[in-house]
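The following questions and answers go through the strand pairing and the charged side-chain contacts of one protein model.

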Amino acid sequence: MVAYISGYGPAIAWFDVDLATGALTEKGSLAAPQPSYLALAAGHAYAVSENLNRVAAYAIAIASDGSVTLASHTPSGGTTPRMFALDPTGRWLFAANQGSDTVVAFAIDATAVH
């Protein structure tokens, strides 16, 4: 099992999880522009960057080491994106921009968020 962690820092990190003890062992990290929230779905991690007003998709190497690489990024459609949610079908990502009081829907395909 692999755990992914972000939170206003300079990176998204991934860790091996020992299921018996709950211990985490860092496997790697990828520099990312202040990923404040993170969600996982269908081989991708999605993050918002509040300071840069961006939404990003990161591909997860599920079959190998669980590492992440940037797949795409796009403007959040407003300012200060704070929260987002994936719809149950995995086809849409909704971002709430607190600074501009807007909610924007982004289409998700196999490689990107648009």
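Q: What is the strand order in the open sheet of three strands with antiparallel pairing?
A: The model is a predicted one, and in it three strands join into an open sheet whose pairing is antiparallel. From one strand to the next the twist averages 25°. The order of the strands is β1-β2-β3.

Q: Which strands stand at the edges of this sheet, each with a single partner strand?
A: A strand with a single partner has one side left without a neighbour in the sheet, so such a strand forms an edge. The strands in this position are β1 (2-5) and β3.

Q: Over how many bridges do β2 and β3 pair?
A: Along this pair of strands V17 stands opposite L24 in β3. The two strands β2 and β3 run in the antiparallel sense, and the number of bridges over which they pair is seven.

Q: Which residue forms a salt bridge with D16?
A: The closest N and O atoms of the pair are 3.5 Å apart, which is within the 4 Å cut-off for a salt bridge. D16 lies in strand β2 (residues 11-17), and its partner is 11 residues away, in strand β3 (residues 24-31). That partner, partly exposed at 36% relative accessibility, is K27.

Q: Is E50, whose side chain meets that of R82 in a salt bridge, buried or exposed?
A: The N to O distance between E50 and R82 is 2.7 Å, and R82 counts as partly exposed at 32% relative accessibility. For E50 the relative accessibility is 8%, and because the cut-off for burial is under 20%, E50 counts as buried.

Methods:
Residues numbered from 1 in each chain as written. Predicted model: local features only at pLDDT ≥ 70, side-chain atom pairs only at ≥ 80, totals over all residues. Heavy atoms only, no water. Helix = DSSP H or I, 4+ residues; strand = E, 2+ residues; numbered from the N terminus. Buried < 20%, exposed > 50% of the residue type's maximum accessible area, 1.4 Å probe, protein only. Pairing = 2+ DSSP bridges. Axes fitted to C-alpha atoms, helices over the stretch in contact; angles between N-to-C directions.
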